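Good morning, colleagues. Please look at the sequence and the structure on the screen, and I shall then take you through them.

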Amino acid sequence: MPHYQTWEEFSRAAEKLYLSDPMKVRVVLKYRHCDGNLCIKVTDDAVCLLYRTDQAQDVKKIEKFHSQLMRLMVARESRSVAMETD
């Protein structure tokens, strides 16, 4: 399971994984209060991408990325539209 050190690498890989087959991809967010870590995992059962952080600015990036993924997952229009990760 690849553990990404930078947010940019993780977000690009997760976007690519989602766009390859949107119906198989799952996203899991996990927060451990005792460690102060937030972990986001994106998987399609064959590939599992993981990013873990304890930085507040990364939490904001994860929140924005997660909401973009959720919008794409529930959108009725074409799901092949690339996400904008500004």
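Let me begin with a question: does Lys 61 count as buried, partly exposed or exposed, and at what relative accessibility? The answer is partly exposed, at 34% relative accessibility. Please bear in mind throughout that this is a predicted model.

I turn now to the sheet. Four strands form an open sheet in the order E1-E4-E3-E2, and their pairing is mixed. The edges are held by strand E1, residues 3-4, and strand E2, residues 26-32. Each of these has a single partner strand, so one side of each is left without a neighbour in the sheet. As general background, strands of a sheet pair through backbone hydrogen bonds, either parallel or antiparallel. Here E2 and E3 run antiparallel and are joined by seven bridges. Val 28, for instance, has Lys 41 in E3 as its bridge partner. Arg 26 stands opposite Thr 43 in E3, and I shall return to that arginine shortly. E2 and E3 form a hairpin with four residues between them. In the turn, Gly 36 has a positive phi of about 75°.

Next, the helices. H2 lies across E2, E3 and E4, and runs at about 150° to E2. H1 also packs on the sheet, where it touches E1, E3 and E4. The direction of H1 makes about 150° with that of E4.

This brings us to the interior. In soluble globular proteins, nonpolar side chains tend to be buried together. In this model, the largest nonpolar core has 18 residues. Those with the most contacts inside it are Trp 7, Phe 10, Ile 40, Val 42, Leu 49, Tyr 51 and Phe 65. Which elements give two or more residues to this core? They are helix H1 (7-20), strand E3 (37-43), strand E4 (48-53) and helix H2 (56-74). H1 provides the largest share, namely six residues. Consider Trp 7 in particular. Leaving aside its neighbours within four places in sequence, Trp 7 is in contact with Ile 40, Tyr 51, Lys 61, Ile 62 and Phe 65. The list thus includes Lys 61, the residue of my opening question.

I come finally to the charged pairs. How many salt bridges does the structure hold? There are three.

One of them joins Asp 45 to Arg 26, with the closest N and O atoms 3.0 Å apart. Asp 45 lies in the loop between E3 and E4, whereas Arg 26 belongs to strand E2, so the pair ties together parts that are 19 residues apart in sequence. Asp 45 is exposed, with a relative accessible area of 63%, while Arg 26 is partly exposed at 42%.

Another links Asp 35 and Arg 32, whose closest N and O atoms are 2.7 Å apart. Both partners are partly exposed: Asp 35 has a relative accessible area of 43%, and Arg 32 one of 41%.

The side chains of Lys 61 and Asp 58 also meet in a salt bridge, at 3.9 Å from N to O. These two residues both lie in helix H2, three residues apart, about one turn of the helix. Asp 58 is buried, with a relative accessible area of 11%, whereas Lys 61 counts as partly exposed. Lys 61 therefore deserves a second look on the screen: at 34% relative accessibility it is partly exposed, and Trp 7 is in contact with it. Thank you for your attention.

Definitions and conventions
Residues are numbered from 1 along each chain as its sequence is written. This is a predicted model: local features need pLDDT of at least 70, side-chain atom pairs count only at pLDDT 80 or more; totals for chains, interfaces and linings use all residues. Side-chain values use heavy atoms; hydrogens and water are left out. A nonpolar core is a set of buried Ala, Val, Leu, Ile, Met, Phe, Trp, Tyr and Cys residues joined through side-chain atoms within 4.5 Å. Buried means under 20% relative accessible area, exposed over 50%, partly exposed in between (1.4 Å probe, protein chains only). Contact means heavy atoms within 4.5 Å. Two strands pair if DSSP finds at least two bridges between them. Axes are lines fitted to C-alpha atoms, for helices over the stretch in contact, and angles run from 0 to 180 degrees between N-to-C directions. A salt bridge is a side-chain nitrogen of Lys or Arg within 4 Å of a carboxyl oxygen of Asp or Glu.
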